[in-house]
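Q: Please take a close look at one helix of this protein and at what surrounds that helix. How is such a part described, step by step, for a reader who is new to structures?

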Amino acid sequence: MITLYGYTGSGNCYKPALAMRQLGIAYQWREIDILKGESRTPAFLAKNANGRIPLLEPEPGRYLAESNAMLCWLAEGTPLLPEDRWARAKVLEWLFFEQYSHEPYIATVRYWVAIEKSAEANQARIAERMPRGYAALGVMETQLAKTPYLAGENYTVADIALYAYTHVADEGGFDLAGYPAVRAWLDRITATPGFVTMAASAA
């Protein structure tokens, strides 16, 4: 059985867990408490020298890091990752957007505010990152006003990747009231077959 090393409440760990639930892939969850430094122990670093979660172990001794790489590997040969060359490239476009323009701002601010509880200590950095987070939401709003899902008409791993931290953006202080297309998209995702919440995915 596949093992997913993760931290409950992490959007990056939620991504592969949600994909596996929706694809009907069985997995076991191994909790790694990043606040206690459990991803920096010699035992964990032997699995992933980068000392980060999530970490996917498809079989004993074989490891895959980086949540969006996991999404692509898990979804290969399924409707979540199109075979058509252009359609696949559009999915990848959003995966790169998530890592470069979305996650560093929305996810990081949420981490300081809701996970690490260090908002006061990071007040200046939060103030710097909030506008960039809203800019990312604006890009998503523009696209989702035209298509039901980020890469077009169909639900893909692009949506899983962006859903992970967008649906909890409010925990970092982001207000989604001005993004009706994004909010409608969030509702569409919760209605997709096999959907589970972030908490349930870590069970």
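A: The account below begins with the chosen helix and then follows its surroundings outward. The model is predicted: local features need pLDDT of at least 70, side-chain atom pairs count only at pLDDT 80 or more, and totals for chains, interfaces and linings use all residues. Residues are numbered from 1 along each chain as its sequence is written, and side-chain values use heavy atoms, with hydrogens and water left out.

The helix in question is α6, which spans residues 157-166. Helices (H or I, at least four residues) and strands (E, at least two) are DSSP runs numbered from the N terminus. Of the 10 residues in α6, 10 are buried. Here buried means under 20% relative accessible area, exposed means over 50%, and partly exposed lies in between (1.4 Å probe, protein chains only). Among the buried residues of α6 are Val157, Asp159, Leu162, Tyr165 and Thr166. The buried residues of this helix pack against α1, α3, α4, α5, α7 (180-190) and α8 (198-201).

Val157 and Leu162 also have a place in the largest nonpolar core. Such a core is a set of buried Ala, Val, Leu, Ile, Met, Phe, Trp, Tyr and Cys residues joined through side-chain atoms within 4.5 Å. The largest one has 64 residues, and those that touch the most other members are Leu4, Met140, Val157, Leu162 and Trp185. Helix α4 contributes the largest share of this core, 9 residues.

Met140 shows how α6 is tied to other parts of the chain. Apart from residues up to four places away in sequence, Met140 touches Leu162 and Thr166, together with Trp94, Phe97, His102, Leu150, Val182 and Trp185. A contact means heavy atoms within 4.5 Å.

Val157 leads in another direction, to Ala75. The C-alpha atoms of these two residues are separated by 7.4 Å, although the residues are 82 apart along the chain. Ala75 belongs to helix α3 (residues 67-75). Its relative accessible area is 0%, and Ala75 is therefore buried. When neighbours within four places in sequence are left aside, Ala75 is in contact with Val157, Leu23, Leu80 and Leu81.

Going back along the chain from α3, one comes to Glu66, in the loop between β4 and α3. Glu66 is not a glycine, yet it has a positive phi of about 75°. Most residues other than glycine have a negative phi, and most peptide bonds are trans. With a relative accessible area of 45%, Glu66 is partly exposed.

Strand β4 (residues 62-65) pairs with strand β3 (residues 55-59) in the antiparallel sense, over 3 bridges; two strands count as paired if DSSP finds at least two bridges between them. Glu59 stands opposite Arg62 in β4. The two strands form a hairpin with 2 residues between them, and Gly61 in the turn has a positive phi of about 85°. In the loop between α2 (42-45) and β3 lies Pro54. The peptide bond from Ile53 to Pro54 is cis, with omega near 0°.

A last stop concerns the loop between α4 and α5 (123-144), where Lys117 is found. Lys117, too, is not a glycine and has a positive phi, of about 60°. Its relative accessible area is 65%, so Lys117 is exposed, whereas the residues of α6 listed above, such as Val157 and Leu162, are buried.
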